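The exercises below ask you to work through a structure step by step, with the sequence and the model beside you. Try each task before you read its solution.

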Amino acid sequence: MWDPNASIQEKQKMEQYMKEKILETFNLFAQDKKGYVDKKEIPYIMRFLGKFPSEAQVSKTILPQIEEDEPSESIKYQKFEPYMIQVLKTNEYDPDDTDTLLAAFRQLDEEKKGYIEIDTLKQKLTTMGIQFRPLEIEDFIRFATNGDPNATVIYYEDYILRLQFFIEKHMDSVTKQYNPEK
């Protein structure tokens, strides 16, 4: 959405629209709509806005930049908004492209079967690299299996296509209200 080559007036409109979307999203997660959220909500807010930082990036990079001088369990909107605007302008934390995701799944699929067993994937997600939280694993598996409660494997090419479609559809809904003619 951000166009660095746009006119100053157009950039101002884009930034105003970003602020509206950030506030709208922040308020979905805000406690009693009082201008703050639990810091555990920050990655969810960012994902809703189309940015996908890892949990490590959230805890080591993002939270220290948006916390008050005295860290607490809450993040104020006044600290989050300028940071998020910068992230949106720089395309930082954009989702991986489909080729990168496919390559990652193929690394895990040593036998080249086209799928990964859910139990194997759960084990890897909780013991390797940046470890997923239980709720993240449940959400991921539900989405990756298209909600099939009896699934025992994830066909990763199907998952990647569904994910790509979902992200595009979601971002279209987030940006469709932007009207540069305003």
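A polar contact is a pair of N or O atoms within 3.5 Å, and within protein one of the two must be able to donate a hydrogen and the other to accept it. Keep in mind throughout that this is a predicted model.

**Exercise 1.** Describe how domain 1 and domain 2 meet, and which kinds of contact are counted between them.

*Solution.* Start from the domain assignment, which gives domain 1 as 8-94 and domain 2 as 98-168. Next, take the C-alpha centres of domain 1 and domain 2, which lie 27 Å apart; the contact draws on seven residues from domain 1 and five residues from domain 2. Then turn to the area buried between the two domains, which is about 500 Å², with 55% of it given by carbon and sulfur atoms. On the domain 1 side, Tyr-44, Phe-52 and Glu-55 supply 67% of the area buried against domain 2, more than any other three residues. Finally, count the polar terms: between domain 1 and domain 2 there are zero salt bridges, and zero residue pairs in polar contact with both residues at pLDDT 80 or more. Helix 2 and helix 3 each supply at least two residues of the side of domain 1 that touches domain 2.

**Exercise 2.** Find which elements build the largest nonpolar core.

*Solution.* Begin with the core itself, which has 25 residues, and among those with the most contacts inside it are Ile-22, Ile-62 and Phe-80. Two or more residues come from each of helix 1 (8-29), helix 2 (42-48), helix 3 (55-66) and helix 4 (77-90), and helix 4 gives the most, with seven residues.

Conventions:
Residues are numbered from 1 along each chain as its sequence is written. This is a predicted model: local features need pLDDT of at least 70, side-chain atom pairs count only at pLDDT 80 or more; totals for chains, interfaces and linings use all residues. Side-chain values use heavy atoms; hydrogens and water are left out. A nonpolar core is a set of buried Ala, Val, Leu, Ile, Met, Phe, Trp, Tyr and Cys residues joined through side-chain atoms within 4.5 Å. Buried means under 20% relative accessible area, exposed over 50%, partly exposed in between (1.4 Å probe, protein chains only). Helices (H or I, at least four residues) and strands (E, at least two) are DSSP runs, numbered from the N terminus. Domain bounds come from an automatic or database domain assignment. Contact means heavy atoms within 4.5 Å. Buried area is the accessible area (1.4 Å probe) that two parts lose on being put together, summed over both.
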